[in-house]
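Open the structure in your viewer and keep the selection tool at hand. The tour goes stop by stop, saying what to select and what is there.

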Protein chains: 2
Amino acid sequence: MNPGDGNLMDKIVSLAKRRGFVFPGSEIYGGLANSWDYGPLGVELKNNIKAAWWSHFVHRREDMVGLDSAVIMSPKVWQASGHTGTGFADPLVECKNCHERFRADQIDLSAPCPNCGMSHTFTEPRSFNILMKTFLGAVEGEKAEAYLRGETAQGIFIDFKSIVDVARKPLPFGVAQIGKAFRNEITPGNFIFRTREFEQMEIEYFIPVPVRDEDWAEPFDYWRREIVSWLDGIGIAREKIHEDDIPDGERAHYSKRTIDFEFDYPFGRKELCGLAYRTDFDLKNHFKDAPYKDPQTAEAFWPHVIEPSLGVDRTMLALLVASYAEDGDRAMLKLKPRVAPFKAAVFPLLSNKPHLVEKARSVYDALRRRHMVAWDDRGNIGKRYYAQDEIGTPFCITVDFDTLGEGDAANKDTVTVRDRDNATQTRLPIKELASFIERSLEADTE
Amino acid sequence: MNPGDGNLMDKIVSLAKRRGFVFPGSEIYGGLANSWDYGPLGVELKNNIKAAWWSHFVHRREDMVGLDSAVIMSPKVWQASGHTGTGFADPLVECKNCHERFRADQIDLSAPCPNCGMSHTFTEPRSFNILMKTFLGAVEGEKAEAYLRGETAQGIFIDFKSIVDVARKPLPFGVAQIGKAFRNEITPGNFIFRTREFEQMEIEYFIPVPVRDEDWAEPFDYWRREIVSWLDGIGIAREKIHEDDIPDGERAHYSKRTIDFEFDYPFGRKELCGLAYRTDFDLKNHFKDAPYKDPQTAEAFWPHVIEPSLGVDRTMLALLVASYAEDGDRAMLKLKPRVAPFKAAVFPLLSNKPHLVEKARSVYDALRRRHMVAWDDRGNIGKRYYAQDEIGTPFCITVDFDTLGEGDAANKDTVTVRDRDNATQTRLPIKELASFIERSLEADTE
């Protein structure tokens, strides 16, 4: 598919709803703008993305540990981090004619209003803090104001010393966290691309205080390659990722270097994830005394930090776009086995032959003890293939008369395995199916 | 350990902090009352609990699908569900002397104040809604009030029709969801037992409209057994779970039967999870028109629902309590392999022998490609065993001179595997370690 296809987004949103990946949030009550629920297949895809990330960046690495900090932290965290000031605020303008609001940095203020077309109608930009407020305590009038976290990263910074104490890792080492964050975005939209409630996968990778530029530039480049390599591994090919090296003067003041990794969404080339060298800005915000002591020299200092930050929702959207393909009228998702909701589907060739169904059930029951596997006995085989293609199931396993020993005797206890991407069919012994699926999951995990 | 041991809770909280299971939330800013962060080992234990639940109740079952709905839904959801009324409100009294507040249903109002000891000082009970508010939209004064969900269940109910459309499951079938919920609890406390921010694992299991009592009583009893069986399987032995069948008049008005499953926490016998037959109350709240059509008869109706509901945090706490043991001065967590943060630890017998270290590293590197495995080469073997016992690592693998072929030749390429629970050591070939660990994970998953 050409990502520039204007209909592509509609097709993906429609498939996502029709097949249970993503439902509009609160739909039966007229919806809640830009809120989305992940349906039976969406939650599996999302969980698979998160599990792939956690396995790759936490379990397989000796220099990384995980964290799951609270969504609601002390308001002092956000004061110290600068989020309650203008640092986490969007500059906003309003069209005096139609009263539509826009982010001042995202439209051409000398041009006509994109909504009503009138010219020279914008107010001066004003800052709006995008942290979402809530109140703790049960008694009205005595409630304490607090914020929902605007990013997972701050939880890592404030727990840094506790983590150092328990994990006893030498620098460099990283802390990884997956969790919800909330922002009162001015311009949410584009399906699950920008929402007020979203999920992040963030790493803060701590390094010693750089003496020379290469002391931070080398780990920065390492993480730059790691991000692209991980995305490629789950199915967002490296050729589809465009790096935007943010020039001096356009980066946040604490960042010495930032790369936005962009992807060609159907609505344009937009940020998929980011990498920033944040210096010692964050740890200095939170720790008056140096929080790290060199185990050899006992010298205390504030480590510097490199931050690879991904959004779960926009990674999933990029994956849907990257894997979407059409064959004539019908749509398919060429998802890699490790992220596909179902690893395989099992069918009896005919659903009205009890002994075929029984044998197919036994294959299905054995496989689903280890893997998420679909069962389908509706309609004909061709329709079942297409239904599975549409949700990205990599393999369709059919139990036929040969399986039962009623055809070619050599094929007894074998099944056909049809590959989604090339539609080829091969026969495999039933007893090899589990390891066949296992091997497909391990592909590209190196 | 005797759960009545008054020090047990202190010991567990201390171990949890010292070893990186649970840190006090926002601690460097003086803390945020009753908020907790899950550290490097806590996040693994919690993830293992959630993965065990999801695998057991979603992946292995044909009659269940998953969902991940938004934390922030339309306020209309909470109006329809009754949560904005008094149904989700706690009755609260205040001591007129010391001004401490208590839940009216949790203290004896004719007794002296538990805080200051004065008698006859309580105000009349007043209702306080415990939903947490927030505001959507970026412009002050035009923000829309919304709530953080007080339970994950309502997301399942409002998406019921969408799920039926995509999942095409015949009744009975269930929808499972794991996610954060938020409540302005009046009496949070007891470590991670009751917090304002917590994580739920909820199932709504939909059944046809019961004609006879056994039509709901049988699936209810089935789920009653399932809950206990699952808890037993992760390591909260069935003998430790006490069922409290809530009598008529004490249940929520929509519930025809409720069982609280209680556990002996160090602070007393308290609810661990619950099971409720909620009739068609919820679907009737949300759907004016019957949301389910029988595929055979085309008759439309509102299915009834049975709800097994668990808290992730209090399941983890129960697991810590149930697995805590002492041997003389030292503490250990007898966690089952499937929930233990590390599945094994690998050591070189001596850390100052490079060839031992090198061989041990190769064993470690091979295992951690598949499993979360620890490395330790500090201190002596005995200290390493104890350090791993304390965090619940089931197996310690030591590479010694025999492994290298420098001792008993028959032991070349074998290692000692020391079992945490009985301290026995057996020798295993290195090439069998991965499947040994694999088998230990599969125990009790039936």
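Two strands count as paired if DSSP finds at least two bridges between them. Keep that rule in mind at the first stop, and note that the model is predicted.

**Stop 1: a five-stranded sheet in chain A**

Select strand E23 of chain A, residues 414–419, together with E24(A). Five bridges link this pair, and the two strands run antiparallel. For one facing pair of residues, show Thr416(A), which lies opposite Arg427(A) in E24(A).

Now add the rest of the sheet. Its five strands come in the order E21-E20-E22-E23-E24 in chain A, the sheet is open, and the pairing is mixed. Which strands are at the edges? They are strand E21 (373–375) and strand E24 (425–429) of chain A, each pairing on one side only. From one strand to the next, the twist averages 30°.

Next select helix H10 of chain A, residues 381–390, which packs on this sheet. Helix H10 touches E21, E23 and E24 as well as strand E20 (344–348) and strand E22 (395–399) of chain A. The direction of the helix makes about 165° with that of E20(A).

**Stop 2: a three-stranded sheet in chain A**

Select E4, E9 and E8 of chain A, which form an open sheet in that order with antiparallel pairing. Strand E4 (72–73) and strand E8 (132–136) of chain A are the edge strands; each has a single partner strand, so one side of each has no neighbour in the sheet. Between E4(A) and strand E9 (residues 144–148) of chain A there are two bridges. Show Ile72(A) to find Leu148(A) of E9(A) opposite.

As background, strands of a sheet pair through backbone hydrogen bonds, either parallel or antiparallel.

**Stop 3: where chain B meets chain A**

Colour the two chains separately. How many residues of chain B are in contact with chain A? There are 80, and they touch 80 residues of chain A. Between them the chains bury about 6,900 Å², with 51% of it on carbon and sulfur atoms.

Eight salt bridges are found across this interface. To see a salt bridge, select Glu438(A) and Arg370(B), whose closest N and O atoms are 3.9 Å apart. The interface also has 32 residue pairs in polar contact, with both residues at pLDDT 80 or more.

Finally, select helix H2 of chain B, residues 40–59: with eight residues, this helix gives the largest share of the side of chain B that touches chain A. That side is made up of 35 nonpolar, 15 polar and 30 charged residues.

Definitions and conventions. Residues numbered from 1 in each chain as written. Chains lettered and ligands numbered in written order. Predicted model: local features only at pLDDT ≥ 70, side-chain atom pairs only at ≥ 80, totals over all residues. Heavy atoms only, no water. Contact = heavy atoms within 4.5 Å. Buried area = accessible area lost by both parts, 1.4 Å probe. Salt bridge = Lys/Arg side-chain N within 4 Å of Asp/Glu carboxyl O. Polar contact = N/O pair within 3.5 Å; in protein donor to acceptor, adjacent residues only side chain to side chain. Helix = DSSP H or I, 4+ residues; strand = E, 2+ residues; numbered from the N terminus. Nonpolar A, V, L, I, M, F, W, Y, C, P; charged D, E, K, R; others polar. Axes fitted to C-alpha atoms, helices over the stretch in contact; angles between N-to-C directions.
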